Every structure is written in C-alpha cells, then in structure tokens.
Amino acid sequence: MNNWLKTILFLAGSALLTRWIPFSSLFRNLDTMIHEFGHALVTLLLSGQVLRIELYADHSGVTYSAVQAGFRSVLVSLAGYPSASLFALLLFYLYARGRKEWGLILAAGIALVMLVLYVRSGFGMLWLAGFAGLNIVMLFLGKGVRKFYYLLLAFLTLEESVAGTLYLVSAALYSPSRAGDAANLAHLTGMPAVIWAALFFLFALLCAKRALGSFFRSARPGRERENLQGRMK
C-alpha cells in the first residue's frame, strides 16, 4: 500500500480510537500551545514583542504580538502550523531514540515559560499549570504508564497538527476572511488563503508520514533491545 495512503488511514483510525480515551480532549490543547509558542518564538527571534497569549477550551488560541511590518510579519504568521507539525515529529523522533523523558521535559518547560511570561487568561493558566505538573509527575512513575502517556500526547499532537490544517483548508475555501493564519498571510502577501492553507496541510502530512515511519521502525522486533544496548555503551 502507498505510504501516503497508509499515513492518512492510520491518522484517521488513530483519531477515532483516541476519542474513546477519557479526558483526551484536554491533551489536544498541546498542539495549540505549540502553535502559539511558535508564533511567539519567531516574534522574539525577529526582535518583536509578545504582548500576550490566550488559550481556550475549544482548542483555539491567539498570540498578540508587535513586530515590524513587512517580511517579518509574514514569518510570524507562517510559524504556527509548521511549529506544531515539527513538534509532533520531534516527539516521535525522541520516542524512537528512547528519549521520552526529554519530550516530557521540553513540553513542560514550554508550558511553564508561557505560563510565567505570556498567558493571563483563566483557562489557559489553569491548563498550562496542570499540564506541566502532570508531565513532571509522569517522570517519576513506572515506565509502562509513562510510555502510554507519552504516546497519547504524541499521537494526539500529530492528529491535531493534520486535522487543524485540514480545517484551515475548509475555512479558506468557504470563508477566507476567517481562515486564521492563512487569512493573515493572504492579506500580507496577496496569495489566496486557500493556497497557504493547502501548503500548511501538505507540510503537516509530510511530518506525519515521517513521524509514523519513525514510530513503526522503532516498533520492529529487536529494535528496542538494540536501542537499550546502544545507551549502555
């Protein structure tokens, strides 16, 4: 079967199955957190100012920032969706390398930075504090529980990174002015929002394909034993 088709089918199946896991909806905000953090990070790298970040219970969010007009504004608007896709890929890469703890620490660290510096809304503050605290707790629990929790985060983030861009394509087709980052980019560049949304979607699919490839390679018989032996040297 074609690898692209496998990726799409696996994502669809995973999205359906994870809906049955209690409280899984809360963890889908990780994708939103990384999306908004991506906007904030690029703003800072371009010598701009991050005013505040808001996270909402419906998995949406917004970053308010000030940056010099022109190409810098384009880069800031570009940052959100690719950041979420790359972070999902990173989680699977760390899993394949036997570095799940690094992924949990990184996610908790980003949550704490956003909590301390940028997020001031009720739900956002509560979610970031709870998520960071839970990640820290998981570092001290058994390997089985930690592995299940880590894979839940990884798959939910991967699903959301693809589903979010697919929704963006739909919004750009039927209501371009409400297509979030794609609408901002259309305003800044003159390129239609649907093209930007399609590019985000294709990039998310590419990251998903590589992430799942990394996951399946790590799941092959004997692979875990080889990784363990490598870390012992």
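Is Phe131 buried or exposed? Phe131 counts as buried, at 3% relative accessibility. Keep in mind that you're looking at a predicted model. Below is a quick tour of its aromatic rings, its salt bridges, its strand hairpin and a few spots around the helices.

**Aromatic rings**

- Let's stay with Phe131 for a moment: it shares helix 6 (residues 122-138) with Trp127, and the two sit four residues apart, about one turn of the helix.
- Trp127 is tucked away as well: its relative accessible area is 8%, and under 20% means buried, so Trp127 gets that label.
- In total, the model has nine aromatic pairs.
- One of them joins Tyr95 and Phe215 in a tilted arrangement, with 5.8 Å from centre to centre and 35° between the planes.
- This pair bridges distant parts of the chain, since Tyr95 belongs to helix 4, Phe215 belongs to helix 9, and 120 residues separate them.
- Tyr95 is buried, with a relative accessible area of 14%, and Phe215 also counts as buried at 14% relative accessibility.
- Trp127 and Phe131 make another aromatic pair, and this one is stacked: 4.9 Å centre to centre, with 5° between the planes.
- There's also one aromatic cluster to look for, made of Phe92, Tyr95, Tyr150, Phe155, Phe215 and Phe216.

**Salt bridges**

- You can find four salt bridges in this structure.
- In one of them, the side chains of Arg28 and Glu160 come together, with 3.0 Å from N to O.
- Those two are distant along the chain: Arg28 is in the loop between helix 2 (24-27) and helix 3, Glu160 is in helix 7, and they are 132 residues apart.
- Arg28 and Glu160 are both buried.
- Arg28 is also part of a network of salt bridges that links it with Glu159 and Glu160.
- Next up is Arg146, which forms a salt bridge with Glu101, and their closest N and O atoms are 3.2 Å apart.
- Because Arg146 lies in helix 7 and Glu101 in helix 5 (residues 100-117), this pair ties together parts that are 45 residues apart in sequence.
- Arg146 counts as buried at 9% relative accessibility, whereas Glu101 is partly exposed at 26%.

**The strand hairpin**

- Strand 1 (residues 49-55) pairs with strand 2 (residues 61-66) in the antiparallel sense, over six bridges.
- Together, strand 1 and strand 2 make a hairpin with five residues between them.
- Look for His59 in the turn, where it takes a positive phi of about 75°.
- Arg52 faces Tyr64 of strand 2 across the pairing.
- Arg52 has a salt bridge too: its side chain meets that of Glu54, with 2.9 Å from N to O.
- Glu54 is buried, with a relative accessible area of 15%, but Arg52 counts as partly exposed at 36% relative accessibility.
- Here's a handy rule for reading strands: in a regular strand, side chains alternate between the two faces of the sheet.

**Thr43 in helix 3**

- Thr43 is a residue of helix 3.
- How accessible is Thr43? Its relative accessible area is 0%, so Thr43 is buried.
- Leaving aside residues up to four places away in sequence, Thr43 touches Gly48, Gln49, Val50, Ser65, Ala66 and Val76.

**Helix 8 and what follows**

- Which residues of helix 8 (residues 180-189) are buried? They are Asp181, Ala182, Ala183 and Leu185.
- The cover over these buried residues includes helix 3 (29-45), helix 4 (71-96), helix 7 (143-174) and helix 9 (193-218).
- Just after helix 8 comes Gly190, with a positive phi of about 85°.
- Met191 is in the loop between helix 8 and helix 9.
- Met191 is partly exposed, with a relative accessible area of 32%.
- On the surface, Met191 joins Ile195, Leu199 and Leu202 in a nonpolar patch, and together they have about 330 Å² of accessible area.

Methods:
Residues are numbered from 1 along each chain as its sequence is written. This is a predicted model: local features need pLDDT of at least 70, side-chain atom pairs count only at pLDDT 80 or more; totals for chains, interfaces and linings use all residues. Side-chain values use heavy atoms; hydrogens and water are left out. Buried means under 20% relative accessible area, exposed over 50%, partly exposed in between (1.4 Å probe, protein chains only). Contact means heavy atoms within 4.5 Å. Two strands pair if DSSP finds at least two bridges between them. Patches are made of residues with over 30% relative accessible area and no salt bridge: like charges are joined within 9 Å, nonpolar side chains (Val, Leu, Ile, Met, Phe, Trp, Tyr) within 5 Å. Accessible areas come from the Shrake-Rupley method with a 1.4 Å probe; for residues, only the protein chains shown count as cover. Rings of Phe, Tyr and Trp (its six-membered ring) pair if their centres lie within 6.5 Å; planes under 30 degrees apart count as stacked, over 60 as edge-to-face and the rest as tilted.
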